[in-house]
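Me: Please take a close look at the aromatic rings in this model, and explain in one connected answer how they pair and where they sit.

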Amino acid sequence: MRLDGRRFSNNVSDRRGSTGGGFRIAGIGGVAGLVIIALLTWLTGGDPLSVVSESISNGSTLTGGEYVPSEKENEYAEFASRILAGTEDVWTEQFKKMGLKYREPKMVLYTGAVTSGCGNAIASVGPFYCSADETIYIDLSFFEEMENQMGAGGDFAYAYVIAHEVGHHVQHLLGTLDEAHSAMASTNKTEANRLSVRTELQADFYAGVWAYHDNRLFRSLEDGDIEEGLNAASKIGDDYLQKQAQGYAVPETFNHGRSDQRVRWLKRGASTGDIRMGDTFSPDYSSL
């Protein structure tokens with residue numbers, strides 16, 4: 001991506017190495033134990049964030065450690081700030097076209113563990129958006145994991161991750177996210193998972209919409225960028241991740257969408273740039 005000369009966002013809070021970040025978790029087997037528990041919870045359709053929050057509140061302790069960011073991580077921090085600024089420009093414009101005012105989200109950079117408006121979390125849960133404080137939380141080591149462990153590296157792939165979380169913020173502002181969460185809470189587990197998939201696929205679509213308009217405004221995309229994003233989308237599909245973790249997929253537990261679905265909705269947003277084309281809630285579930 002071409003980002004030279006692009007502004008930085010004023011909405012980034014850098015908590016790397018400070019209180020609330022830069023921790024190791026002790027108790028219940030430490031980080032490894034929590035990661036395993038969270039992974040098993042996720043594979044069965046549960047919420048790994050809730051597992052981490054409960055584990056910390058029920059007696060796990062956080063102990064500080066010295067933290068020195070690498071040059072690469074600082075580059076990621078600048079990159080994340082520029083991408084967030086780009087989402088601010090795009091969504092401010094798009095909301096204005098709809099006669100609405102865009103309220104910019106915050107972004108918190110942390111290391112190891114963090115306390116959010118939605119509870120406690122460790123880096124292993126990946127980047128997430130909390131609607132309670134309208135903030136995106138990200139441990140930048142996730143980008144290295146994408147490249148080294150998932151085979152999903154590349155600057156646009158990282159930008160897609162951020163834009164996806166901003167997509168949840170867009171859903172929050174439009175009322176979609178709260179409606180989906182309310183519906184999930186009042187239905188059975190299978191239908192709740194399907195609603196979650198619909199929500200996540202729409203966030204993928206919004207990430208694509210951002211890419212379309214960011215490129216229109218700033219000529220930011222280079223050859224191969226979209227392909228990087230599509231590759232990343234394919235590597236974080238529920239079916240792909242479950243097969244990697246346990247050798248088989250359990251469709252009724254999917255809560256983010258299959259690889260082909262995530263690729264399709266990201267691609268649709270990136271090719272049309274039209275927010276009206278992102279209705280993932282009306283179509284029959286099998287046609288998503």
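**Aromatic rings in the predicted model**

Reply: In this predicted model, buried residues make up 52% of the 288 residues in the protein. The fold is built from 10 helices and eight strands, and among the contacts between residues at least 6 apart in sequence, 75% join residues at least 24 apart. The accessible surface comes to about 12,900 Å², and carbon and sulfur atoms account for 50% of that area.

Turning to the rings themselves, a pair of aromatic rings is described by the distance of the centres and the angle of the planes. With ring centres required to lie within 6.5 Å, the count for the protein comes to 10 aromatic pairs. One of these is formed by Trp91 and Phe95, whose ring centres are 6.4 Å apart and whose planes stand at 90°, so this pair is edge-to-face, as the angle is over 60 degrees. Both residues belong to helix α3, which covers residues 71-97, and because they are four residues apart in that helix, about one helical turn separates them. Trp91 counts as buried because its relative accessibility is 1%, under the 20% cut-off, and Phe95 is likewise buried, with a relative accessible area of 1%.

A second pair, Phe156 and Trp210, has its ring centres 6.3 Å apart and its planes at 10°, and because that angle is under 30 degrees the pair is stacked. This pair links distant parts of the chain, since Phe156 lies in helix α5 (residues 155-174) and Trp210 in helix α7 (residues 189-218), with their positions 54 residues apart in the numbering. Phe156 is buried at a relative accessible area of 2%, and Trp210 also counts as buried, at 1% relative accessibility.

The edge-to-face pair of helix α3 can also be placed in a wider setting, for Trp91 and Phe95 join Tyr102, Phe205, Tyr206 and Trp265 in one aromatic cluster. Trp265, a member of that cluster, has a charged neighbour as well: Arg268 lies over the face of the Trp265 ring, at 4.2 Å from the ring centre. A further arrangement of this kind involves Arg6, which lies over the face of Phe218 at 3.9 Å from the ring centre.

Terms used. Residues numbered from 1 in each chain as written. Predicted model: local features only at pLDDT ≥ 70, side-chain atom pairs only at ≥ 80, totals over all residues. Heavy atoms only, no water. Helix = DSSP H or I, 4+ residues; strand = E, 2+ residues; numbered from the N terminus. Buried < 20%, exposed > 50% of the residue type's maximum accessible area, 1.4 Å probe, protein only. Contact = heavy atoms within 4.5 Å. Areas by Shrake-Rupley, 256 points an atom, 1.4 Å probe, with all protein chains shown as cover. Phe/Tyr/Trp six-rings, centres within 6.5 Å; stacked < 30°, edge-to-face > 60°. Lys NZ or Arg CZ within 6 Å of the ring centre and 35° of its normal.
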